[in-house]
Amino acid sequence: MSDVFNNELFEAFASASDNVYIYVCDMKTDISRWSKASVDYFGLDSEYLENAASVWEEHVHPDDRAMYNADIMGVFSGKKSRHDCQYRARNRRGEYVWVECKGSVIWDKDGSPKIFAGLMTRLDGQNKYDTLTGFLTTHELRHYDFASLEGTALLIGIDGFRKIVGNYGYNTGDALLVEFSRRIRELGRPEWKLFRFGGDEFLIVAFGAGQDELKEFFEKVGRSVDAVKMSDGRVISLSVSAGGVSFPKNANTREGLINRLEHSMEYAKNSCRGTLVYFSDEIAKKHERNQILREDLKNSIRNGFQGFELYFQPFVGAKSHRIEGCECLLRWKGEQIKDSYPMEFIKALEEYGGIREVGFWVMEQAIQQQVAWRKRYGELQVSFNVSYQQFMDETFEERLMAYVDRYGVDPSYMIIELTESCQVDVPQELAALFDRLRGRGFKVALDDFGTAYASLEMLKYLHVDYIKVEHSFVRELSQPGHDIDHVIINNLLDMCRRLGYGSIVEGVENSKVADIVGEMDVTLLQGYYYSRPVCRTDFEQLLNEDQETPAR
């Protein structure tokens, strides 16, 4: 037996750690010795193995073998000075764990490989590495002094990853993260530090690199994941967004770096998804406004929803030309933020969870208002918006019916609109809820049909009473070159008739559009031509004027 196998040094290193394994191979005989800990953990046949390369290759994850073999062959061919590779290996229990394998070759005087020796470190037992991807954890950022170092950092994430997991499952999600991390490693430079930031987000710290170089890297990553082929043959298209920070110019501490990277990536995902955005004063100001906005909203909710108000936009009957109902629209003015538009403050409510209580407040106010108006104006349909997040609240139906009982509203005069902003993950559950609501007498509408989630596929699951045609198809009908919009609307309305659904056409902004749409078989019309959203007093004035006007 070779002396390299039987010496005190091997024994000492072999028992040094439960997570570190050593091996030595006599390349003349192709016999190797492995530490007893590695034999026990990986289920090897013996400490002494013949043709260990092929034996060990069976333990390497199939998706990592090409990378592993390429690295090993680079060492044996003399192209690389040492073996240094991270991959997944199968243990005795059949589980794959991440390992970091490092090794070197000792050569004869004639240039032939003599001894190959190395160590393998199991990464799952350390806080240093992420077990799924093998990237460093952000805990390791504590070792770097960003005040004295210079470079650029990127926080890069997969857009809509939660939706991908919902569609394909967690196993596919993990496989995508592993593949995504592999491409980041391949496209980056060896000296860059790569971190798993959490979820679908990865941090690249590129010492000595400038913004242009990292922008080029980001674009390469984006192109590389445009069509990712999975092991089962499926092709999944990904898009990525990123935030970037130069250090120490824009951040000289670990906390400052992470903080500004998060702000920059949030800006990219919200304002220009699919791009890289570097930190700037504009982003800092936007983040500061968002923080104030959230606190202002929380204070409003705590103070009995002070600052919130409902506005109303009429529904006009296409045949009666009378106001037959209205949509309730939320407005808000805070103590500090007085100029926030619904798109901004509703998004903020959704992000921190305040939308739940505000949504129930809107529901109660709409029901109260319908009861009050019915006594004065007769039959009037009142609609209010509900997001998918609110629909899936386990108390939604219970609280809705409590308001019905408290105020005595007739549900047949209430329209509940599923908003365009939701992400419908389980349409079957939503369909069951819709059926129960309709069974109780409520009307249900799909808002902004033709965009976002509101695809034709949804109609296979959801039974509704109204479909609201999205305003982008309507507002330019009177202009030349928009014949396609006319065809789309006609077909949508024909579909509504065939399915037995009513239709609400939004975006009627002028008399020409009103005339065009009026000739179609529409149930209700809505838009600035009839009225902008107005406060309760002004809407009641519209109702009074409408009742005083002779029927057409």
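This report looks at one residue, one pair of helices and one pocket in a predicted model.

## Ser-383, tucked inside

Let's start with a single residue. Ser-383 sits in strand β17, which covers residues 381–386. Its relative accessible area is 0%, so Ser-383 counts as buried, given that the cut-off for buried is under 20%.

What does Ser-383 touch, once you leave aside its neighbours within four places in sequence? Its contacts are Phe-315, Cys-326, Glu-327, Cys-328, Ile-415 and Glu-417.

## Where α5 meets α6

Next, find helix α5 (residues 161–168) and helix α6 (residues 170–187). Their axes come within 7 Å and cross at roughly 135°. That angle is why α5 is described as oblique to α6: to count as roughly antiparallel, an angle has to be over 145 degrees.

On the α5 side, the contact is made by Phe-161, Ile-164, Val-165 and Tyr-168. From α6 come Tyr-170, Thr-172, Gly-173, Leu-176 and Leu-177. Sort the residues of this contact by type and you get seven nonpolar, two polar and no charged.

## The second largest pocket

Now for some empty space. The second largest pocket holds about 760 Å³, and 26 residues line it. Which of them lie nearest its centre? They are Gln-86, Arg-185, Pro-190, Trp-192 and Leu-194.

Several elements give two or more residues to this lining: α4 (65–76), β4 (82–90), β5 (96–107), β9 (193–198) and helix α6. You've already met α6 as the partner of α5. As for residue types, the pocket lining has twelve charged, ten nonpolar and four polar residues, while the contact of α5 with α6 has no charged ones.

Terms used. Residues are numbered from 1 along each chain as its sequence is written. This is a predicted model: local features need pLDDT of at least 70, side-chain atom pairs count only at pLDDT 80 or more; totals for chains, interfaces and linings use all residues. Side-chain values use heavy atoms; hydrogens and water are left out. Helices (H or I, at least four residues) and strands (E, at least two) are DSSP runs, numbered from the N terminus. Buried means under 20% relative accessible area, exposed over 50%, partly exposed in between (1.4 Å probe, protein chains only). Contact means heavy atoms within 4.5 Å. Axes are lines fitted to C-alpha atoms, for helices over the stretch in contact, and angles run from 0 to 180 degrees between N-to-C directions. Angles under 35 degrees count as roughly parallel, over 145 as roughly antiparallel, 65 to 115 as roughly perpendicular and the rest as oblique. Ala, Val, Leu, Ile, Met, Phe, Trp, Tyr, Cys and Pro count as nonpolar, Asp, Glu, Lys and Arg as charged, and the others, Gly among them, as polar. On a 1 Å grid over the protein atoms alone, a cavity is a set of points where a 1.4 Å probe fits but cannot get out, and a pocket is an open set with protein on both sides within 12 Å along at least five of seven lines; lining residues have an atom within 4 Å of a point. Grid points are joined across faces, edges and corners, and a volume is the space filled by probe spheres set on the points.
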